[in-house]
Amino acid sequence: ALYAEAITFHPLASHLLFVEQLIHETAHTKLDLIRYTDPIIEDDGQVIYNHPWRTEKRPITAVLVATHAFLAVSCWYSEAFKKGLQVDEAELKDTLEKLMSCIQTLDEHASFTTIGQAFYRHMVQTLQQLVRFHFSIDPPSTDIACTLATGSHYKRPFSYALLELRPDQT
């Protein structure tokens, strides 16, 4: 079942933090709506995975949820940075490194549905673009993002015709 979510904000938060929180929580809601139609990821039920924003072990689905939300926030901060807003690029780069860690965990342990494969491929391609821009390099090709776009690490082959996502879609 889908439930309406309440979002609370600190009244003295900066406008950037307010926007970040809105984007983060909206990303969760968007992913919940997508997962209502298709689970995207086959959760193995194990609570053994790490992600950089929580100290406790999490299920693989939680790694996906965190990755999706922080990727959406990173996209916004990247665009704000490009437009000259006061963005802490060092913090953005730190988040991008954490996202690469999450992508590696998902690559090694997640099993995606057909729609999930396309969704995940889009996330990887988006992260690649952000890393190229902010680090002025290609993402590492060993065990991380570059090899993922080919679909070679997936448990099932891609069905590219089913859902075609462009990097400019969010």
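Here are some questions and answers about a predicted model.

Reader: Hello! Let me start with Asp-38: is it buried or exposed?
Author: Happy to help. Asp-38 sits in the loop between helix 1 (15-37) and strand 1 (47-51). The cut-off for a buried residue is a relative accessible area under 20%. Asp-38 has a value of 14%, so it counts as buried.

Reader: Which side chain makes a polar contact with the side chain of Asp-38, and at what distance?
Author: Leaving aside residues up to four places away in sequence, Asp-38 touches Thr-113, Ile-115 and Gly-116. A polar contact needs a pair of N or O atoms within 3.5 Å. The side chain of Asp-38 has such a contact with the side chain of Thr-113, at 2.6 Å.

Reader: And which backbone nitrogen lies 2.8 Å from a polar atom of the Asp-38 side chain?
Author: For this one, look in the loop between helix 1 and strand 1, where both Asp-38 and the partner residue are found. The partner has a phi near 70°, a positive value in a residue other than glycine. With 0% relative accessibility, this partner counts as buried. The backbone nitrogen at 2.8 Å belongs to Ile-40.

Reader: Good. Now the largest nonpolar core: which helix gives the most residues to it?
Author: This core has 31 residues, and Ile-41, Leu-64, Leu-106, Phe-112 and Leu-127 are those with the most contacts inside it. Elements that give two or more residues are helix 1, helix 2 (60-82), helix 3 (89-109) and helix 4 (114-135). The one that gives the most, with 9 residues, is helix 2.

Reader: At what angle do the axes of helix 2 and helix 4 cross?
Author: The two helices pass each other in a left-handed crossing. Their axes come within 10 Å, and the crossing angle is roughly 35°.

Reader: How many nonpolar residues are in the contact of helix 2 with helix 4?
Author: On the helix 2 side, the contact includes Leu-64, Leu-71 and Phe-81, along with His-68 and Lys-82. Helix 4 brings residues including Phe-119, Met-123, Leu-127 and Phe-133. By class there are 6 polar and 1 charged residues, and the nonpolar ones number 9.

Reader: One last pair: how far apart in space are Gln-129 and Cys-75, C-alpha to C-alpha?
Author: Gln-129 is found in helix 4 and is partly exposed, with a relative accessible area of 38%. Cys-75 is one of the helix 2 residues in the contact with helix 4. In sequence Gln-129 and Cys-75 are 54 residues apart, while in space the C-alpha distance is 9.6 Å.

Note on methods: Residues are numbered from 1 along each chain as its sequence is written. This is a predicted model: local features need pLDDT of at least 70, side-chain atom pairs count only at pLDDT 80 or more; totals for chains, interfaces and linings use all residues. Side-chain values use heavy atoms; hydrogens and water are left out. Helices (H or I, at least four residues) and strands (E, at least two) are DSSP runs, numbered from the N terminus. Buried means under 20% relative accessible area, exposed over 50%, partly exposed in between (1.4 Å probe, protein chains only). A polar contact is a pair of N or O atoms within 3.5 Å; within protein, one must be able to donate a hydrogen and the other to accept it, and residues adjacent in sequence count only if both atoms are side-chain atoms. Contact means heavy atoms within 4.5 Å. A nonpolar core is a set of buried Ala, Val, Leu, Ile, Met, Phe, Trp, Tyr and Cys residues joined through side-chain atoms within 4.5 Å. Axes are lines fitted to C-alpha atoms, for helices over the stretch in contact, and angles run from 0 to 180 degrees between N-to-C directions. A crossing is left-handed if the near helix is turned anticlockwise from the far one by less than a right angle, and right-handed if clockwise. Ala, Val, Leu, Ile, Met, Phe, Trp, Tyr, Cys and Pro count as nonpolar, Asp, Glu, Lys and Arg as charged, and the others, Gly among them, as polar.
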